[in-house]
Amino acid sequence: MAVQAQVKSLGNIRRQFEPWNDPAERPLIEVAGVTKRFGTFTAVDDLSLGIYRREFFALLGPSGCGKSTLLRMLAGFEEPTSGDLRLEGQSLVGVPPHKRPVNMMFQSYALFPHMSVEKNVAFGLKQDGMAKSEIADRVAEMLKLVKLTPFAKRKPQQLSGGQQQRVALARSLAKRPKVLLLDEPLGALDKKLREETQFELMDLQFELGLTFVIVTHDQEEAMVMADRIALMREGRIAQVATPAVIYEAPVSRYVADFIGNVNILDATVESRSDGRLRLAGPGGAIEVETPLALKPGAKAGIAIRPEKMRIGRDRPAGAVNAFEGEIYDIAYLGDVTLYVVKLRTGELMRATVINAARGIEAPLTWDEAVWLSFAPDAGVVLVD
Ligand SMILES: Nc1ncnc2c1ncn2[C@@H]1O[C@H](COP(=O)(O)OP(=O)(O)OP(=O)(O)O)[C@@H](O)[C@H]1O
């Protein structure tokens with residue numbers, strides 16, 4: 001199936017999926033006040049979180065923020081220092097990894113090099129003492145699922161990186177875990193294969209009706225695949241929300257800055273009326289729509305995504321948020337062009353323009369005087 005058709009079909013069904021907004025739903029996985037210390041270092045800090053059945057959940061954050069430690073505690077490779085982890089209401093604390101209805105897939109895949117694809121997939125089932133005929137059926141089913149049936153007799157090194165990744169996936173799914181934990185599962189694949197595999201993973205997760213928890217430091221990957229993202233910072237959660245909410249309504253500078261590109265203007269509140277805040281910013285007055293009721297004199301950051309910033313040679317008629325500057329840098333990226341504009345006051349701001357037409361007449365060029373502007377509903381007020 002074409003990738004676009006897949007996305008469309010997923011999107012249509014996915015649109016209704018938001019159990020976290022349903023008070024009658026109970027999370028499948030509950031992380032309740034979990035802390036993990038290594039000596040005096042706190043890797044996970046009093047963290048609470050619910051993950052729902054059939055959810056594709058991403059743990060995202062910079063290196064060292066504790067996301068792998070949290071995943072390893074779900075798998076049973078680490079135990080919490082305090083707090084509880086529950087699956088379907090039952091505590092997992094003290095339950096050894098192989099007795100948990102969860103399975104973990106690692107970045108390195110950890111395939112056995114001397115075993116064929118089918119033996120690799122059968123390995124865990126054999127260890128569990130499953131009957132031979134049943135193993136054969138299950139392995140065949142799994143290889144079909146990941147489209148590797150013709151490769152059953154090959155050794156891992158006779159496969160491409162993407163195929164090896166699918167063997168690892170088939171092996172992790174063979175025991176039919178309720179939850180699959182994936183630690184940077186696509187880390188070893190090149191960009192193009194990664195993108196393809198992202199859609200395959202999403203399809204598979206959806207078809208099987210499984211719950212996936214994925215660890216990644218790649219925000220784009222999390223945005224593409226996850227129903228919800230937990231962005232972590234120093235062992236805590238900075239925000240848990242859908243990709244769209246994380247992107248469009250970040251709760252702090254940290255979140256706004258981590259996901260995508262962002263301009264942040266430091267401003268001081270002057271007044272509030274009609275759902276709008278009026279602030280004094282570096283390049284002049286700023287007006288933004290916000291439910292936040294901040295007092296005059298309060299400091300706030302106004303975040304504006306580069307694609308919501310308009311750029312042009314003339315001051316836009318009627319624009320409330322307009323700033324004069326000159327073009328400081330230009331990055332032509334093919335699909336979009338990124339302009340870095342230096343405001344009169346010295347701040348560097350970014351604006352992206354989609355290259356919808358081939359070739360641009362009289363493109364903006366270096367050192368040219370320009371106006372940047374944005375609509376009052378394009379700015380997000382950040383107090384943290
Ligand atoms: N066994 C351990 N002993 C001591 N410190 C540890 C141990 N495991 C993890 N840590 C520390 O805990 C912190 C969180 O580690 P963790 O692996 O969870 O981070 P991460 O967010 O997954 O990062 P990365 O993306 O680099 O894997 C790190 O500072 C790490 O050094």
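**Ligand shell, one sheet and two domains**

In the shell around the ligand, helix H2 is the top contributor, with three residues. Keep in mind that this is a predicted model.

H2 covers residues 67-75, and strand E2, residues 41-51, also supplies at least two residues of the shell. Which residues are around the ligand? Going along the chain, they are Phe 38, Phe 41 and Ala 43, then Gly 61, Ser 63, Gly 64, Cys 65, Gly 66, Lys 67, Ser 68 and Thr 69, and finally His 217. Sorted by class, that shell has seven polar residues, four nonpolar and one charged.

Next, the sheet. Five strands form an open sheet in the order E15-E19-E16-E17-E18, and the pairing is antiparallel. At the edges are E15, residues 310-312, and E18, residues 348-354; each has a single partner strand, so one side of each has no neighbour in the sheet. On average, neighbouring strands here are turned by 40° against each other, ignoring direction. E15 and E19, the latter being residues 369-374, run antiparallel and are joined by three bridges. Across that pairing, Arg 310 is opposite Ser 373 in E19.

Last, the domains. Domain 1 consists of 3-101 plus 177-255, and domain 2 is 261-382. How far apart are the centres of domain 1 and domain 2? Taken over C-alpha atoms, the separation is 34 Å. As for contacts, four residues of domain 1 meet five residues of domain 2. On the domain 1 side, the touching residues are two nonpolar, one polar and one charged.

Definitions and conventions
Residues are numbered from 1 along each chain as its sequence is written. This is a predicted model: local features need pLDDT of at least 70, side-chain atom pairs count only at pLDDT 80 or more; totals for chains, interfaces and linings use all residues. A residue is near a molecule or strand if its C-beta atom, placed from the backbone, lies within 6 Å of it. Helices (H or I, at least four residues) and strands (E, at least two) are DSSP runs, numbered from the N terminus. Ala, Val, Leu, Ile, Met, Phe, Trp, Tyr, Cys and Pro count as nonpolar, Asp, Glu, Lys and Arg as charged, and the others, Gly among them, as polar. Two strands pair if DSSP finds at least two bridges between them. Axes are lines fitted to C-alpha atoms, for helices over the stretch in contact, and angles run from 0 to 180 degrees between N-to-C directions. Domain bounds come from an automatic or database domain assignment. Two residues are in contact if their C-beta atoms, placed from the backbone, lie within 7 Å.
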